Each structure stands twice: as structure tokens, then as C-alpha cells.
Amino acid sequence: MAPAHTEPVLSCQNVEKLYGSRSNVTRALDGVSFDVDAGEYLAIMGPSGSGKTTLLNCISTIDRPTSGHIYVDGQDITALRAHQLSKFRRERLGFVFQDSNLLDTLTARENIALALTINHAPARDVPARVEEVAARLGVAEVLDKFPHEMSGGQKQRVAAARAIVTNPSLVLADEPTGALDSKNSRRLLESFETLNADGATIIMVTHDSFAASYARRALFLKDGRVWNEIVRGSKTRKDFFNEIMDVVSFLGGEGADVR
Ligand SMILES: Nc1ncnc2c1ncn2[C@@H]1O[C@H](COP(=O)(O)OP(=O)(O)OP(=O)(O)O)[C@@H](O)[C@H]1O
């Protein structure tokens, strides 16, 4: 029997984004199309200025494409009205930024719990869900610490816990290892790997070929277009890393960014 057709979690269709006015237009995205299925882990790479952040901002509804469509769970998010956007972000998306963006006056436990409370999770479920997600990300021991009492790596893992505690359709990460040393980067990437193995759908923008090698697929942007994509398949992470490095060098080399 043929497998049942499942709708992609994300479908970008001919997405264009123009900045500026008539005399000075930057075409940041120039007809970007790709799908992401449930359970995928996609790295978006490309040289500086290739459109990575613009694309992520359009997917997260922080920015709006000039033309084209973006579907999340089959819903055209480019057609959402302003008052629907915050509900969409809150319920469907989890964010991990370069800087953890935790609230300084709340403990790790309160930061993670807040994401659930905002989503109207039943109060009696909150403590157990926070404990469970903290254990998965290896931050159970810092739950009662404030952000200034945690290491950069711990803060990023708490941010990842906050991003996934609501079971979002999509986890969006923008350079999540950008501010971490190599040991903490590795730890965060291993956490993402575990989350993905548990079913989370992750899209990560990164300059770093080492970070990208933890994903299952790497999409390369150049001048606002999808230039290439490679799939890890049954390859080892090391082999996938080497393949990514080859594409990065071909694209004009940001090898200096690679740790
Ligand atoms: N608000 C804006 N106004 C005008 N141009 C913009 C704006 N934001 C981005 N751009 C331009 O759009 C293009 C894509 O930028 P974007 O930030 O998406 O690239 P990127 O691949 O994320 O780069 P980096 O890796 O350096 O962060 C660039 O040419 C940039 O100068």
C-alpha cells in the first residue's frame, strides 16, 4: 500500500522579498520554494547577505514576503491579519535566537513555564512539563537559577526548552550556537539532535558547517535563491560535514567561520 500523503509542515512557494524603493531595490529573496516535512531537521546556509535571516523572518511572520506564499500546517501565513499573527507564533512556533532572550527577572523554571502559561496550558500540568523538558535538555539542575547565574550554554539550552515545551509545529533557530564556545555548541547541537529524534521539526539558520552537519538536510541560499541542497541520508556526520564544507568553499568560502 502506498504511504499516506502527509502535508508538509512548511511550504514556501515562490517567495520574493524586495527591500527599498523603486530607485534602490534589494531583492533579498528571489523566488524561494521548498517544503519541510514533519520530523525534518533542516539547516539553511549561504554567504552573508544571501537572504537567510530574511527567509527566517518571513517564515516566523516577523516580516512579510513581497510576493509568494508560505504555508504552515496548510495555512497560508502570508494572508494572516495582524491580530492573528501573535496567536500563530505563540501556538505554532518555537524560537531559539543567538542570544537566549530569557527574561532576566525570572528563573529558568519561570521562563519555561511562562511559554506554557501564555498558551493557556492547564496550570496543574505546568510543573511536570517544565521538569520533563528540562531533563531532556540537561538543565534540570539550573531550573531555580536566574539567567545571570547560568553559563551561556545553559541559557541556550533553557531557551531551547522554552521553545519546545509547547510542542510547536516548527522550531526556528537563528545562529543558535553563534555565541557559544565549541563545547557548549556541541552540547546544544546534541540537544537539538535529541529533540529531532523525539519528533520536533527544526529549521536552523547557521554560518557554521559544523552546526549544519547535525541537521538531516542542508539548503544553500545564494543571492536570494535556493542554490543547492544536500541530504545527510545514511552518511556519517563527519562525511556530511565534509560535503557541506565542499559546497561552502564552492560558494565563496566562509570556511573561516567553521570551528
Ligand atoms: N531592512 C532591510 N532594508 C534593506 N535591505 C535589507 C534589509 N534587510 C536585509 N536587507 C538586504 O537583503 C539582503 C539579504 O539580507 P539577510 O540579512 O537576509 O542576509 P543573511 O544571509 O541573513 O546575511 P548574514 O549571514 O550576513 O546575516 C542583503 O543584501 C541585505 O543587505
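## A walk through a predicted model

Let's start close to the end of the chain, where strand E9 (residues 217-222) and strand E10 (residues 225-231) sit side by side, antiparallel, with 6 bridges between them. One pair you can look up is Leu219, whose bridge partner in E10 is Glu229. The two strands make a hairpin with 2 residues between them, and Asp223 in the turn has a positive phi of about 50°. Keep in mind that everything here comes from a predicted model.

Now jump back towards the start of the chain. Another hairpin turns up there, built from E4 and E5, again with 2 residues between the strands. In this hairpin Asp73 takes a positive phi near 50°. E4 and strand E5 (residues 75-76) are antiparallel and share 2 bridges, and Tyr71 stands opposite Asp76 in E5.

E4 also has a partner in strand E1. Strand E1 (residues 10-19) and strand E4 (residues 67-72) run antiparallel and are joined by 5 bridges. Two of the pairings are easy to find: Glu16 has Ser67 as its bridge partner in E4, and Cys12 has Ile70.

Here are the strand pairs met so far:

| Strand pair | Direction | Bridges |
|---|---|---|
| E9 and E10 | antiparallel | 6 bridges |
| E4 and E5 | antiparallel | 2 bridges |
| E1 and E4 | antiparallel | 5 bridges |

So how do E1, E4 and E5 fit into a sheet? They belong to an open sheet of 4 strands in the order E2-E1-E4-E5, with antiparallel pairing. Which strands are at the edges? E2 and E5 are, as each pairs on one side only. If you follow the side chains along a regular strand, they alternate between the two faces of the sheet.

Next, the ligand. Which residues are around it? They are Tyr19, Gly20, Thr26, Ala28, Gly46, Ser48, Gly49, Ser50, Gly51, Lys52, Thr53 and Thr54. Strand E2 (26-36) and helix H1 (52-59) are the elements that give two or more residues to this shell, and H1 supplies the largest share, 3 residues. Sorted by class, the shell has 9 polar residues, 2 nonpolar and 1 charged.

H1 deserves a second look. Is this helix mostly enclosed or mostly open? 6 of its 8 residues are buried, so H1 is largely enclosed by the rest of the structure. The buried ones are Lys52, Thr54, Leu55, Leu56, Cys58 and Ile59. Just after the helix, Thr61 takes a positive phi of about 65°.

What about the nonpolar inside? The largest nonpolar core has 67 residues, and the ones touching the most other members are Ile44, Ile112, Ala161, Ile164, Val171 and Ile202. Helix H5 (residues 152-164) gives this core its largest share, 6 residues. Take Ala161 as an example: leaving aside its neighbours within four places in sequence, Ala161 is in contact with Ile112, Val133, Ala134, Leu137 and Val139.

Finally, zoom out. The UniProt record, an unreviewed entry, lists residues 10-248 as "domain: ABC transporter". Over residues 10-248 the chain is 36% helix and 25% strand, and the end C-alpha atoms are 25 Å apart.

Key:
Residues numbered from 1 in each chain as written. Predicted model: local features only at pLDDT ≥ 70, side-chain atom pairs only at ≥ 80, totals over all residues. Near = placed C-beta within 6 Å. Nonpolar A, V, L, I, M, F, W, Y, C, P; charged D, E, K, R; others polar. Pairing = 2+ DSSP bridges. UniProt positions renumbered as here; feature names shortened; annotations may be inferred. Core = buried A, V, L, I, M, F, W, Y, C linked by C-beta atoms within 7 Å. Buried ≥ 20, exposed ≤ 12 C-beta atoms within 10 Å, placed from the backbone. Contact = placed C-beta atoms within 7 Å.
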